[in-house]
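Work through the exercises below with the structure open. Each task is followed by a solution in steps.

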Amino acid sequence: MPELPEVETIKSQLNRRLKGGKIKKIEIFLPKIIRLEAKFFINKTVGAKIKKVWRRAKMIIIDLDNGYSLLIHLKLTGRLILCHRLREDYQKHTHLVFHFFDKSVLIFQDIRQFGYFDLYRTENLKGFFQEKKLGPEPLKKSFTLKKFTELLSKKPDKKIKPLLMEQNFIAGIGNIYAQEICWSAKISPLRLAKTLNKKEIQEIYRHLLMILKKAVKQGGTTAADEGYIDARGNKGKYGSQLKVYQREGEKCFRCKGIIERIVLTGRGTAYCPRCQK
DNA sequence: AGGGGTACCTGCGGGC
DNA sequence: TGCCCGCAGGTACCCC
């Protein structure tokens, strides 16, 4: 599901509610979502206290007080849901449940089972992220227009929309927001990076920040046919602001042209050929 | 180097 | 009603 704004929303909720909490018990219903031996995983997590929850790219990291960190990726349909107390019927697709000593419960559900849990030494995480060559966090102050321009100049032959989605170009943007950013900046998703002039780069940069910030503020996006919910079970309110995502065949809100759908690097891409140049 | 295909899964809507 | 197809928020891997 989740791109940066959705993961950021979940992370904040988890941090608020779980910080200081001590893990009492873990139930594992689908072992394959844990990327290491279940025994070891349980051994290193049960009894540990949660220091803080943070985010890098689309990953949620839970630092424990024993030198280990949980790394969680929700992929397309993963959900982390907080409950005040144990519920007997976990519903379908519940693969993992954390129980805390204060009786609160954290449930992991995932329809498509692509999401995963991993465990790292906290001190090794930085190195791990460096190895992955993750791009910058777009909402950090250090992600300047100058930096964005430099990054673009290193990928001259890439199409802008798929490029925005590359986690080692910029971290956190996925298929919804990449389309929305292109529409807002009036840039065709097909444009090669090297063809963008200064003004156009500035527009992409500006809208990229605006859209991500606004989406974070609104708790992310739940589009019409999606199942995204945050850790409190709420839908994201940015869904109502979407301009092109899944609007194929409908009229462009800006120029009344017809929104088209193409496929770029295997991903559906909606855009307005009339006003996105 | 960029991009296509495939794989990992389940569920939903549309067409017949 | 039921079946088949394409599609879905992500990413890793192989191949040309």
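**Exercise 1. The second largest pocket**

Task: For the second largest pocket of this predicted model, state the volume, the residues nearest its centre and the make-up of its lining by class.

Solution.
- Step 1. The volume of the second largest pocket is about 300 Å³.
- Step 2. Its lining consists of 13 residues, and those nearest the centre are Trp54, Arg55, Arg56, Glu137 and Lys140.
- Step 3. Two elements, α1 and β2, each give two or more residues to this lining. The largest share, three residues, is that of β2.
- Step 4. Sorted by class, the lining holds seven charged, four nonpolar and two polar residues.

**Exercise 2. The sheet that contains β2**

Task: Find the strand order of the open sheet that contains β2, name its edge strands, and describe how α1 is placed on β2 and β3.

Solution.
- Step 1. The order is β2-β3-β4-β8, an open sheet of four strands with antiparallel pairing.
- Step 2. β2 (50-56) and β8 (116-121) each pair on one side only, which makes them the edge strands. From one strand to the next the twist averages 20°.
- Step 3. Between β2 and β3 (residues 59-64) there are six bridges, in the antiparallel sense. To fix the register, take Lys52, which stands opposite Asp63 in β3.
- Step 4. Helix α1 (residues 4-18) lies across β2 and β3, and its direction is at about 175° to β2.

**Exercise 3. The sheet that contains β5**

Task: Repeat the analysis for the open sheet that contains β5, then list which strands α1 and α2 touch.

Solution.
- Step 1. Four strands make up this open sheet, in the order β1-β6-β7-β5, and they pair antiparallel.
- Step 2. The edges are β1 (23-28) and β5 (78-83), each paired on one side only. The average twist from one strand to the next is 15°.
- Step 3. β5 and β7 (residues 105-110) run antiparallel and are joined by six bridges. In this pairing Gly78 stands opposite Asp110 in β7.
- Step 4. Helix α1 packs on the sheet through contacts with β5, β6 (94-100) and β7, at about 30° to the direction of β5.
- Step 5. Helix α2 (residues 38-45) also packs on the sheet; it touches β1 and β6, and its direction makes about 160° with that of β1.

**Exercise 4. Pro156**

Task: Is Pro156 buried, exposed or partly exposed, and which residues outside its sequence neighbourhood does Pro156 contact?

Solution.
- Step 1. Pro156 sits in the loop between α4 (145-153) and α5 (160-165).
- Step 2. The relative accessible area of Pro156 is 31%. Buried requires under 20% and exposed over 50%, so Pro156 is partly exposed.
- Step 3. With neighbours within four places in sequence left aside, the contacts of Pro156 are Leu192, Ala193 and Lys194.
- Step 4. Leu192 is 36 residues from Pro156 in sequence, while their C-alpha atoms are 6.6 Å apart.

**Exercise 5. Helix α6**

Task: How many residues of α6 are buried, and which elements do they pack against?

Solution.
- Step 1. Helix α6 (residues 175-184) is mostly covered, with 10 of its 10 residues buried. Among them are Asn175, Tyr177, Glu180 and Trp183.
- Step 2. The packing partners of these buried residues are α1, α5, α7 (198-217) and β10 (267-271).
- Step 3. Just after α6, Lys186 has a positive phi of about 60°.

Methods. Residues numbered from 1 in each chain as written. Chains lettered and ligands numbered in written order. Predicted model: local features only at pLDDT ≥ 70, side-chain atom pairs only at ≥ 80, totals over all residues. Heavy atoms only, no water. Pairing = 2+ DSSP bridges. Axes fitted to C-alpha atoms, helices over the stretch in contact; angles between N-to-C directions. Contact = heavy atoms within 4.5 Å. 1 Å grid on protein atoms, 1.4 Å probe; cavity = no way out; pocket = protein on both sides within 12 Å on 5 of 7 lines; lining within 4 Å. Points joined across faces, edges and corners; volume = space filled by probe spheres on them. Nonpolar A, V, L, I, M, F, W, Y, C, P; charged D, E, K, R; others polar. Buried < 20%, exposed > 50% of the residue type's maximum accessible area, 1.4 Å probe, protein only.
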